Amino acid sequence: MSKTNADVVLVSMQRGFLPTYAMLYLEAYLSNIGIITKIFYPRIQNSFGNDFIMAILELKPRIIGIGGLYDDRFIVKELIDSLAAYRKEFKIVVGGNLVSPIPEYMLKKLFADIVVVGEGEIVFAKLVENILGGKSYEGIGGLVFLDGNDIVSTGPGEYIKD
């Protein structure tokens, strides 16, 4: 049986036996606009061994989104390092409380391609649509990324209205 490709793979640093609510919200938001998404949670799936990395790569994602808390910074860095050899095939986007308080610092420390600051559903969805459509994402608020050696911050992002 062949696996279905995914536009986006979300990697959740969950607390317990389920992905975080944040990842579930992102997955639901992306699915509602037609973006094929798959969630992985490594603490259930034996950390970042070769099988875990190969399972992600088999889906041929264009974007790998990683979220977590500041305490997860070392395991997120381990994941990004494990994916380093395949970086030309996808963008690595990191969000959540892990990066929002100090996005420029975490962008450089984690070697992510893009950091989403603040509430991520709308910002991440716009980012995904632009990447999948081959468009620039410089005009999307709520992002931090490198342009050469310069760090670019696009200002505040859009939030979901009550």
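1. Lys-60 counts as exposed because its relative accessibility is 56%, and exposed residues are those over 50%. Lys-60 sits in the loop that links H2 and S3. The model is a predicted one, and in it the phi of Lys-60 is near 50°, a positive value in a residue other than glycine. Most residues other than glycine have a negative phi.

2. Phe-111 also deserves a look. This residue is not a glycine, yet its phi is positive, at about 60°. Phe-111 is placed in the loop between H4 and S5.

3. On the nonpolar interior: the largest nonpolar core has 29 residues, and the members that touch the most others are Val-11, Ile-66 and Val-94. At least two residues of this core come from each of S1, H2, S3, H3, S4 and H4. H2 gives the largest share, 5 residues. In soluble globular proteins, nonpolar side chains tend to be buried together.

4. The surroundings of Val-11 can be listed. With neighbours within four places in sequence left aside, Val-11 is in contact with Met-23, Phe-40, Pro-42, Phe-52, Ile-56, Ile-64, Gly-65, Ile-66, Gly-67 and Leu-79. Another core, of 21 residues, lies apart from the largest one; its members include Met-23, Ile-63, Ile-131 and Ile-140. Met-23 is thus named twice here: as a contact of Val-11 and as a member of that other core.

5. Helix H3 covers residues 73-82, and its buried residues are Ile-75, Val-76, Lys-77, Leu-79 and Ile-80. A lysine, Lys-77, is among them. The buried residues of H3 pack against three strands, S1 (8-12), S3 (63-67) and S4 (91-95), and against two helices, H2 (50-58) and H4 (103-110). An α-helix has 3.6 residues a turn, so residues three or four places apart point the same way. Leu-79 of H3 is also one of the residues in contact with Val-11.

6. The largest pocket has a volume of about 460 Å³. Its lining is made up of 26 residues, and those nearest its centre are Ala-22, Leu-26, Gly-67, Gly-95 and Gly-96. Gly-67 is in addition a contact of Val-11.

7. Which elements each supply at least two residues of the lining of the largest pocket? They are S1, helix H1 (21-32), S3, S4 and helix H5 (121-132). The largest share of the lining, 4 residues, is from H1. By class, the lining comprises 12 nonpolar, 11 polar and 3 charged residues.

8. Strands S5, S6 and S7 are taken together here. S5 (residues 114-116) and S6 (residues 143-147) run antiparallel and are joined by 3 bridges. Ile-114 has Phe-145 of S6 as its bridge partner. S6 is also joined to S7 (residues 150-153), by 4 bridges, and these strands run antiparallel.

9. The link from S6 to S7 is a hairpin with 2 residues between the strands. In its turn, Gly-148 has a positive phi of about 70°. Asp-147 stands opposite Asp-150 of S7.

How values were computed: Residues numbered from 1 in each chain as written. Predicted model: local features only at pLDDT ≥ 70, side-chain atom pairs only at ≥ 80, totals over all residues. Heavy atoms only, no water. Buried < 20%, exposed > 50% of the residue type's maximum accessible area, 1.4 Å probe, protein only. Contact = heavy atoms within 4.5 Å. 1 Å grid on protein atoms, 1.4 Å probe; cavity = no way out; pocket = protein on both sides within 12 Å on 5 of 7 lines; lining within 4 Å. Points joined across faces, edges and corners; volume = space filled by probe spheres on them. Nonpolar A, V, L, I, M, F, W, Y, C, P; charged D, E, K, R; others polar. Core = buried A, V, L, I, M, F, W, Y, C linked by side-chain atoms within 4.5 Å. Pairing = 2+ DSSP bridges.
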